[in-house]
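Hi everyone, thanks for coming. I'd like to walk you through a structure that is new to most of us, so let's put it up on the screen.

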Amino acid sequence: MCAVCGCGTSPVEGHKHEAGSHGHGHGGGLDDDHHHHHGHDHHSHDHHNRDGEHDHHHAEDGSVHCRQGIAGVHVPGMGRERIIQVEREILSKNDAYATENRRYFVRQGVFALNFVSSPGSGKTSLLVRTISELKERVTINVIEGDQQTSNDAARIRETGARAVQINTGKGCHLDAHMVGHAVEDLAPEPGSVLFIENVGNLVCPAAFDLGEAHKVVVLSLTEGEDKPLKYPDMFAAADLMILNKADLLPHLDFDVGLCITNALLVNPRLQTLIVSARTGEGMEALYGWLEASAVRQDKRPKVV
């Protein structure tokens with residue numbers, strides 16, 4: 001169950017973790033036995049919690065706002081207090097693993113980035129081009145997160161980079177425990193860069209710290225200027241917004257200025273880069289940001 005998005009009903013299920021070209025199921029979830037499944041049951045739910053309290057708020061404009069947990073959780077059969085307790089327990093445990101990951105990254109001088117987006121934004125194409133053009137300058141390893149298949153990890157490996165695939169099954173995000181196991185398999189070289197490509201989803205990954213130095217949200221110009229307002233938690237958690245598919249701009253009604261304004265309303269400190277992973281437009285600016293950010297991390301005091 002993912003208590004942050006309320007997408008399931010079963011609290012203990014598992015993730016499949018494929019290291020290299022071989023698969024093995026070790027847990028990666030937040031439970032001590034390494035299992036953390038997300039069962040989905042969007043269709044069978046009622047409008048009352050255990051105490052009979054109505055948990056939907058109907059606004060004057062006719063819209064309906066569900067439960068008031070960390071991300072508006074709706075879990076069938078669970079009252080609001082229990083939902084909030086589960087949310088806090090899961091996030092607290094995740095944060096502990098994330099702290100350990102971060103300590104490891106800083107000690108080893110590994111610059112870790114968590115790439116988040118909705119499906120189809122071009123994250124994998126962006127990473128493939130970045131690795132191909134930077135592999136002579138820096139060592140890059142990748143953790144790939146998807147519900148199923150190892151297609152993206154295979155694309156990454158074609159660049160010569162090492163990659164570990166995590167399949168979350170019905171899960172909607174990576175968590176810090178999964179990433180910790182993947183890092184054990186990768187054993188990233190000191191001074192290297194680690195790209196974590198999260199599951200395509202602009203909701204749950206916002207709440208789960210993986211130990212990364214920065215969250216990078218990738219937004220395709222085909223998605224609409226209001227995405228930062230629709231999914232504010234993700235844009236608030238990110239340090240960099242990459243507007244991808246800039247080569248399509250002449251064919252779209254997308255207002256870049258409005259999109260950036262909307263993003264800054266959510267997160268005034270958010271930086272923005274406009275790129276095309278297909279043509280290479282703007283990519284040098286991204287590489288400059290990567291290298292400058294890695295240097296800044298390297299100058300921070302080491303965590304013991």
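Let's begin with the cysteines. A search through the whole structure turns up 0 disulfides. Take Cys-172: the nearest cysteine sulfur belongs to Cys-204 and is 3.6 Å away, and Cys-172 is in no disulfide. The cut-off for a disulfide is sulfur atoms within 2.5 Å, so at 3.6 Å that pair does not count. Cys-172 does count as buried, because its relative accessibility is 9%.

Please keep in mind that this is a predicted model. How confident is the predictor? The mean pLDDT of the chain is 81, and 71% of the residues reach 70 or more. There are two stretches to treat with care. Over residues 20-28 the pLDDT stays under 50, and the model has 24 contacts there beyond four places in sequence. Residues 32-58 also stay under 50, with 87 such contacts in the model. Where pLDDT is low, the predicted coordinates should not be read in detail.

Now to the strands and helices. Strand E10, residues 240-244, pairs with strand E11, residues 271-274, in the parallel sense over 4 bridges. If you want a landmark, Leu-243 stands opposite Ile-274 in E11. Add helix H7, residues 256-266, and you have a right-handed β-α-β unit made of E10, H7 and E11.

What sits inside? Nonpolar side chains tend to be buried together in soluble globular proteins. Here, the largest nonpolar core has 28 residues, and those touching the most other members are Phe-115, Leu-126, Phe-195, Ile-242, Leu-286 and Leu-290. Among the elements giving two or more residues to this core are strand E5, helix H2, E10 and helix H8. Which residues does Leu-286 touch, leaving aside those up to four places away in sequence? They are Leu-126, Thr-130, Leu-240, Ile-242 and Leu-273.

There is also a second, separate core of 17 residues, including Val-217, Ala-246, Val-256 and Cys-259. Cys-259 is buried, since its relative accessible area is 0%.

Let me finish with a glycine. Gly-160 lies in the loop between helix H3 and strand E7. Is Gly-160 buried or exposed? With a relative accessible area of 67%, Gly-160 is exposed. Its C-alpha atom is separated by 8.4 Å from that of Lys-135, and the two residues are 25 apart along the chain.

That's my tour, and I'm happy to go back to any part of it.

Technical notes
Residues numbered from 1 in each chain as written. Predicted model: local features only at pLDDT ≥ 70, side-chain atom pairs only at ≥ 80, totals over all residues. Heavy atoms only, no water. Pairing = 2+ DSSP bridges. Right-handed = clockwise from strand over helix to strand, strands pointing away. Core = buried A, V, L, I, M, F, W, Y, C linked by side-chain atoms within 4.5 Å. Buried < 20%, exposed > 50% of the residue type's maximum accessible area, 1.4 Å probe, protein only. Contact = heavy atoms within 4.5 Å. pLDDT = per-residue confidence, 0-100.
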